[in-house]
Amino acid sequence: MTTTRLTVAQALVRFLTAQYTERDGVRQRLISATWGIFGHGNVAGLGQALVEYADDMPYHQGRNEQSMVHAAIGYARQSNRLSTHAVTTSIGPGATNLVTGAALATINHLPVLLLPGDIFATRPADPVLQQLEVPYAGDISVNDCLRPVSRYFDRVTRPEALIPAALQAMRVLTDPVETGAVTLALPQDVQAEAYDWPEEFFAERTWVVRRPGADPTELAEAITAIRGARRPLVVAGGGVHHSRAEEALAEFAEVTRIPVAATQAGKGSLRWDHPQDVGGIGHTGTATANELARQADLVIGVGTRWTDFTTASGTLFEAPGVRFLNLNIAPFDGHKLAGRPLVADARSGLSELTEALQMHGHTVTDGYVTEYTEDKQRWEHRVDACYEADEIDVRPTQPQVLGALDALVDESDIVINAAGSLPGDLHKLWRARSRDQYHLEYGYSCMGYEIPAAIGVKMAAPERNVWALVGDGTYLMMPTEIVTAVQEGVAIKMLLIQNHGYASIGGLSETVGGERFGTAYRYQSDDGTYTGAPLPVDLAANAASLGMRVLRAKTVGDLREALAQARAADTPTCVYVETETADTVSGAPPAQAWWDVPVAETATRPSAVKARELYDRHVSTRRRHL
């Protein structure tokens, strides 16, 4: 057997350069680049290996370990989960900084490969710098924090153990059911150790991403359920996008005329102007979709995990006898809400359903179509009213900011957001023009995601305009990858909205009796509360100091001009605009469904007492579907 003598780190990098995915006949590199910040735990191992194979494995220099994962995830999502990046860090704080990003990847079923350095396997220095000492276990390190947020975890304590670990890692990354964060913890001494590797380990491997069809019995039951429903409703989740099932969903909707609502991850599954698209569902959804949900007798979930906030699954579906049909590639999600499972790839399952229902000539009634069509038209009038700006020489509301961007972009633009008050406004108001224009990370809703994710998305789609929509709270969490965008010439656009605080949580705090306590960016008053004047921070100046071109917009007119300039720019560009402060409403329509957030059961303050009374009325509508 032919062998090659390499270090463990060199062997791993060479192995990664030979891994490919294939779906529908399209083949591409699985790990197309590696992000890294080097310290004593990885500089002599993976750091040296990345220099050794620099021609084959592109390297990107990050500023924060968490944001490197976010960038890799953004790239993976834009690449339909068929290609991703690896992320390497030193041991200690570098490794634990990966935890949030790993959780985000796993919760959203997005592949990313994490390669943190680890303590010495041979223990010549014990404890080593940054080592966590656990008196009852000598084999625990801080990297064990990554176990619960990883879909696969292994610690490579011997060179020969890399072979099965690396193969298992690739299996999980390419499995549409299992994919998420994959962690290979690499002790720093093992990384630099040499070993005679079989050449077969470095041969090109192609991992075929499966499209399983439905079980015939489950398919027949699903068809019977749909044909027997009077008021069916489709809820499209992120699985529609992961499967590239948008065209299949459109055909299903056109054949059956069943309306389609979307979760945050599923928005854009149909264009906003498709006749069957009724907008977002759940707490941040449209009145049209949520009213249809309340009256639906069959709810067809396609690629959704049924998270409560994004679907209001515990209270919204209130029709007597309502039943659920869950088309999902993951059996775990297929059985949720006591649903009838249809375990299959979204595109395969939808195509099979469409063919069968078309053969039966099945469609919903004209009256049902007229009802949701007219409701949708009324909602669009509300969107127009929110976007409209009668005066251009005034400070814009947040919906008017979105309206200005909406009027500028076309189907090639991509908008990215994750946290704050923007997801609610976007889910209700944004008119998605293409399958991947609307990029909302709402499985983990992680503040700080937007800027690094925009870099990853732009790397995957360099010909597209990519917008990071960022509030001041999110910006202050993680602006550092602006430096990376400048360094690598990644021409992202950032729309930075200043409203002086945590606007979303401020509004929630008010409704649950918290009186917006601790949610505004203001000076402290004499009573210790943060109710003084807004802080004199200048986030635009901060972004400029990190190397970004900044355009300041004070009015609606300024904003329109600045957005147009930013869209045409070929360097990283920020549009900064100040809207309302955090203790005022955004101007968007109120929530269309209830979000279950517990309220203090006993309190003396009137706001909390009133909030509890309202909570008790809503909580009585909870329903466990059995």
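Strand β20 (residues 466-471) runs parallel to strand β21 (residues 493-498), and 5 bridges join the two. Here strands (E, at least two residues) and helices (H or I, at least four residues) are DSSP runs numbered from the N terminus, and two strands pair if DSSP finds at least two bridges between them. Within this pair, G471 has I497 of β21 as its bridge partner. The structure is a predicted model, in which local features need pLDDT of at least 70 and side-chain atom pairs count only at pLDDT 80 or more, while totals for chains, interfaces and linings use all residues. Residues are numbered from 1 along each chain as its sequence is written, and side-chain values use heavy atoms, with hydrogens and water left out.

Both strands belong to an open sheet of 6 strands, with parallel pairing and the order β19-β18-β20-β21-β23-β22. At the edges lie β19 (438-440) and β22 (549-553), each of which pairs on one side only. On average, neighbouring strands of the sheet are turned by 20° against each other, direction ignored; the axes behind this angle are lines fitted to C-alpha atoms, and angles run from 0 to 180 degrees between N-to-C directions.

Helix α8 offers a second point of interest. Its 12 residues should span 16 Å at 1.5 Å a residue, and the end C-alpha atoms are indeed 16 Å apart; the expected span is 1.5 Å times one less than the number of residues. Buried residues of α8 are E218, L219, A222, I223, A225 and I226, where buried means under 20% relative accessible area, exposed over 50% and partly exposed in between (1.4 Å probe, protein chains only). Seen down the helix axis, these buried residues fall within an arc of 160°, so they line one face of α8; the arc is taken from the directions from the axis to the C-beta atoms. P216 and T224 are exposed on the other side. The cover over the buried residues includes α10 (246-256), β15 (298-302) and α14 (346-360).

After α8 (216-227), the loop leading to β12 (232-236) holds A229. This residue is buried, with a relative accessible area of 12%, and touches D297 and L298, not counting residues up to four places away in sequence; contact means heavy atoms within 4.5 Å. Another loop residue, Q592, sits between β23 (573-578) and α24 (606-619). Q592 is buried as well, with a relative accessible area of 15%. Its contacts, with the same sequence neighbours left out, include H283, N290, W379 and R382.
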